[in-house]
Amino acid sequence: MSDQGKPESQGRLLAERRFLPFFVTQFLGAFNDNVFKNALIILIAFQGAQFSDVDTNTLTNLSAGLFILPFFLFSATAGQLIDKTEKSMSMRRIKFLEIIIMLCAAWAFSVGELYLLIALLFMMGAQSTLFGPAKYSYIPQHLQPNELIAGNALVQMGTFVAILIGTMAGGLLIANEDGRTLVSVVLVAVAVLGFIASLVIPKTPSPCPDLKINWNIFTETWRNIAFIHRNRTVFLSVLGISWFWFLGATYLVQLPNYTKLTLGANEQVVTLLLTLFTLGIGSGSLMCNWLSGQKVEIGLVPFGAIGLTLFGIDLFFARPPLPSGELMDLAAFWSTEGSVRIITDVVLIGLFGGFYIVPLFALVQQRSDPKHLSRVIAGNNIFNALLMVCSAVIAIVSLGAGLTIAQLFLIIAILNAAVALYIFSLVPEFLMRFLVWILIHTVYHVRKQGLENIPDTGPAVLVCNHVSYVDAMIIAGCIRRPVRFVMYHKIYNLPLLNFISRTARAIPIAGAREDRALMERAFDEVEKALASGDVVCIFPEGRLTPDGVLGRFKTGVERILEHKPVPVITMCLYGLWGSAFSRHHGFILWRIINGIRSRVDLTVSEAQPPQGVTARSLQQRVADMCAASARARGY
């Protein structure tokens, strides 16, 4: 496994056996799906009359529907099969099935068996349905928690790039004079390469080998949906993922006609916009690992949703005058007023889409029961397919009612804002994490040291000095695990901070003389939190420092460790004194200006056993860490 906290770990995954063969396998599979699908659709559109008397529009829609249909029919069964069997073997069998399908497709292309090709497209959809649960449940079994974002980012980037390249390759190959032969060769060759890559995927034990398969697709599908619904956060995350596929499908399907009818441009511009949209998603996905600090940062989801809405709306207002005459080529479009704005909107819609989707996938993997993860992913695929069908239906109805494609883009951008607000109102944790993320990425520049000392699992007590009103937010934004903070009740109840504190399940406390009942409830809650394996952070000074000097630690920490002897980890926040959120008495405007993008150091020590720990010894340890931070800055 990679070292935690290393910024280069995202690139290193592509050099490691636990990830690279899997990545190559899924990339080649997505590529082949889209070569086959697009080549068939173009064959139907331009040569369909040679092979069938049925209307080409009917055959095209039938083909698109048959590729999606297996996700409704077989996802629930696929999730069970993947949960029950060893995953590397499952992936090899699925890839071998792909070779058989592609050999049949090669023969069908060569002899012009159009209906067989359409049937085989259904089989490819079934094969993709089987691979989906294996693909996303494999990741958390081989990657550490701090690598989930990196792994999902690479997979999302690879998937969309494979879709783009496969779609373009399918069209270019089939348009050639020997197109059907070229498509046949590519399909079989890529399927064989994918199978070879799958042979190197490391063994991945089944989480539930004794699972009894329910072969009734209808009852199992309903049970899958009901199962996801039990975990509210996972269920809403799945809905968020499916909504992204609704948006993505709308943009990908409508961009060609938008380019022709609204922009008055030709296929060159279509290719440019589709490429930039896909690269935008890939870039946003890869940037997630850097922006999130290598942890599952769901604060990026609202950030992504805001960008999707703003730039989706701007794409409507960026429309040029109605085109006339011949369709513009790329050079003519580039010289047209407003073209840069349109290109920027398309790129940023993709970029913010990457910010939106990657943390949601990682959250589903992190919060789901590992024994049921493949079935959760299967349920997610059902919802994805349903929303993609809804995308097509809404587009058909809207455009049939006389709306333009630009107006359709405006509608889905506004709908995106409504869906996002609905989900975030049901799970305030998304908004809370967004506020925290904004704080530590815009107001302060936080330098973190020693975060790897905080265990990924199990209880621990974190002890830190208390400098400002936002100490807890900064710590929560840096640590990969959720932290339960013990906070003075008056700070807990401050406006805005109260929303964040409640959402983060902070524990309000008061002094014995002020409110003994509240104090006792706080200690009871801390004990329960540690007993359930949580990390609890306390500020033993009991108040914000009034002068920037570390105060005396109270003995409440000794009481906690006496009742629940768990590892203790000391931390030091340095650089917050004098900021607008501290109790410094300087001029407030100067404190705000001086604090923006100021450097804050968060240092975390190695864990120490609870035996013999006292408030005095912890105070001395934190004082030494603060002194070391001061010396490092030359003070």
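Where does I298 lie with respect to α10 and α11? Select this residue once the predicted model is loaded, and you will find I298 in the loop between α10 (267-291) and α11.

Keep I298 selected and look at its surroundings. The residue is buried, because its relative accessible area is 4% and the cut-off for burial is under 20%. Now add P359 to the selection: I298 and P359 are separated by 61 residues in sequence, yet their C-alpha atoms are 5.5 Å apart in space.

P359 leads on to the next stop, since this residue is among those that α13 contributes to its contact with α11. Select helix α11 (residues 300-317) together with helix α13 (residues 339-367), whose axes are 8 Å apart and whose packing angle is about 155°. The two helices are therefore roughly antiparallel, and α11 passes α13 in a left-handed crossing. To display the contact from the side of α11, show L300, V301, F303, G304, A305, G307, L308, F311, G312, D314, L315 and F317; from the side of α13, show R341, I342, D345, V346, L348, I349, F352, G353, F355, Y356, P359 and L360. If you colour this contact by residue class, 17 nonpolar, four polar and three charged residues appear.

Leave α13 displayed and exchange α11 for helix α9 (residues 232-262), whose axis comes within 9 Å of the axis of α13 and crosses that axis at roughly 155°. As a result, α9 is roughly antiparallel to α13, and the crossing in which α9 passes α13 is left-handed. On α9, select T233, V234, S237, V238, G240, I241, W243, F244, Y251 and Y258, which meet I342, I349, G353, Y356, I357, L360, F361, L363, V364 and R367 of α13. Sorted by class, this contact holds 15 nonpolar, four polar and one charged residues. With both contacts in mind, it is worth picking out I342, I349, G353, Y356 and L360 of α13, which take part in the contact with α11 and also in the contact with α9.

Finally, clear the selections and view the whole protein chain, which has 23 helices and seven strands. Colouring by burial will show that buried residues make up 55% of the 635 residues. If you draw the contacts with a separation of 6 or more, 83% of them join residues 24 or more positions apart. A surface display closes the tour: the chain exposes about 27,100 Å², of which carbon and sulfur atoms supply 64%.

Terms used: Residues are numbered from 1 along each chain as its sequence is written. This is a predicted model: local features need pLDDT of at least 70, side-chain atom pairs count only at pLDDT 80 or more; totals for chains, interfaces and linings use all residues. Side-chain values use heavy atoms; hydrogens and water are left out. Axes are lines fitted to C-alpha atoms, for helices over the stretch in contact, and angles run from 0 to 180 degrees between N-to-C directions. Helices (H or I, at least four residues) and strands (E, at least two) are DSSP runs, numbered from the N terminus. Angles under 35 degrees count as roughly parallel, over 145 as roughly antiparallel, 65 to 115 as roughly perpendicular and the rest as oblique. A crossing is left-handed if the near helix is turned anticlockwise from the far one by less than a right angle, and right-handed if clockwise. Contact means heavy atoms within 4.5 Å. Ala, Val, Leu, Ile, Met, Phe, Trp, Tyr, Cys and Pro count as nonpolar, Asp, Glu, Lys and Arg as charged, and the others, Gly among them, as polar. Buried means under 20% relative accessible area, exposed over 50%, partly exposed in between (1.4 Å probe, protein chains only). Accessible areas come from the Shrake-Rupley method with a 1.4 Å probe; for residues, only the protein chains shown count as cover.
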